[in-house]
Amino acid sequence: MLVVAGVSLRFDHPVCGSYFFGKTRKLKFAATESLILDNESFYLTIEMTIAIGCDHAGVELKKDIISLLDDLHIGYVDYGTDSSESVDYPDFGEKVSNDVSTGKIEKGILICGTGIGMSIVANKFPGIRASLCNELFTAKMSRLHNDANILVIGGRIVGKDLAKEIVKTWVSTPFEGERHSRRIEKISRIEDRLKKHGV
Ligand code: RB5
């Protein structure tokens, strides 16, 4: 089950054309790619959205962060997990990181116990710059200097109020560019070289 909220939606249909809808409230989908209406397939385009996922150790904090995103009118797609039943963080880290890496979704938030496991998973993906931010200064710098596209938080380390401040700071801080762009391009070139060597 995928939950989408607060995003602008466009439905494309080969005969009827495109329909634009305003910001949604909560919609639930059984599939990530398409929605069936009146036996027709409508494709869903999600604009400016955050992919959010966690393991069992991050499930409570994820709820708090989702309610903050609702308050800030920031769209999100919730990739689970949804209960405190023990799961493996790589399964959820992979889903979020893959969709940010392929450009399907602009940014991501991942939560596990320490934030370490999710960071390791996310940073395996091309183009992902995941930053583990358990305090505010790192959250700010990871956007200003590193153009971080996935924020990772340790659900067993950071309390709800601080986590909300971290998310607010992270989503509202722009990338500074200039010399930092050169450094990020160097990271991309490392990825290209590793790809060439089949790594
Ligand atoms: C789960 O117990 C825990 O290992 C996980 O949430 C995370 O902290 C891994 O890095």
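## Questions on a predicted model

Me: What is the volume of the largest pocket in this predicted model, and how many of its lining residues are nonpolar?
Reply: In this predicted model, the largest pocket has a volume of about 190 Å³. Its lining includes Asn123, Lys124, Phe125 and Pro126, and also Ile187, Ile190, Glu191, Leu194, Lys195 and Val199. Sorted by class, one lining residue is polar and three are charged, while the number that are nonpolar is six.

Me: Which unit do strand 7, helix 1 and strand 8 make?
Reply: Strand 7 covers residues 49-54 and runs parallel to strand 8, with four bridges joining the two. Helix 1, made of residues 59-71, belongs to the unit together with these two strands. Taken as strand, helix and strand, the three elements make a right-handed β-α-β unit.

Me: Which residue of strand 8 is the bridge partner of Ile52, and is that residue buried or exposed?
Reply: Strand 8 spans residues 75-78 and is covered on both faces, with Gly75 and Val77 on one side and Tyr76 and Asp78 on the other. The bridge partner of Ile52 in this strand is Asp78. Since residues under 20% relative accessible area are classed this way, and the residues named on both sides of strand 8 fall in that class, Asp78 is buried.

Me: Why does Cys54 form no disulfide, and which cysteine holds the sulfur closest to its own?
Reply: Cys54 lies in strand 7 and counts as buried, at 0% relative accessibility. A disulfide would need the two sulfur atoms to be within 2.5 Å, whereas the closest cysteine sulfur is 9.6 Å from that of Cys54, which is too far for a bond. The structure as a whole holds zero disulfides, and the cysteine with the sulfur closest to that of Cys54 is Cys112.

Me: What distance separates the C-alpha atoms of Cys54 and Gly93?
Reply: Cys54 is a residue of strand 7, and Gly93 is 39 residues apart from Cys54 along the chain. Despite that spacing in sequence, the separation of their C-alpha atoms is 7.2 Å.

Me: Is His73 buried or exposed, and what is its phi?
Reply: His73 lies in the loop between helix 1 and strand 8, and at 61% relative accessibility it counts as exposed, because the class begins over 50%. Most residues other than glycine have a negative phi. His73 is not a glycine and yet has a positive phi, near 55°.

Me: Where does Asp147 lie, and what is its phi?
Reply: Asp147 is placed in the loop between helix 4 (136-144) and strand 11 (150-154). Although Asp147 is not a glycine, its phi is positive, at about 45°.

Me: Which peptide bond is cis, with omega near 0°?
Reply: Most peptide bonds are trans. One that is cis leads into Thr81, a residue found in the loop between strand 8 and helix 2 (89-101). With omega near 0°, this cis bond is the one from Gly80 to Thr81.

Me: Is Trp170 buried or exposed, and what separates its C-alpha atom from that of Met141?
Reply: Trp170 has its place in helix 5, residues 160-172, and at 0% relative accessibility it counts as buried. Met141 is 29 residues apart from Trp170 along the chain, and the C-alpha atoms of the two are separated by 8.8 Å.

Methods. Residues numbered from 1 in each chain as written. Predicted model: local features only at pLDDT ≥ 70, side-chain atom pairs only at ≥ 80, totals over all residues. Heavy atoms only, no water. Buried < 20%, exposed > 50% of the residue type's maximum accessible area, 1.4 Å probe, protein only. Pairing = 2+ DSSP bridges. Right-handed = clockwise from strand over helix to strand, strands pointing away. 1 Å grid on protein atoms, 1.4 Å probe; cavity = no way out; pocket = protein on both sides within 12 Å on 5 of 7 lines; lining within 4 Å. Points joined across faces, edges and corners; volume = space filled by probe spheres on them. Nonpolar A, V, L, I, M, F, W, Y, C, P; charged D, E, K, R; others polar.
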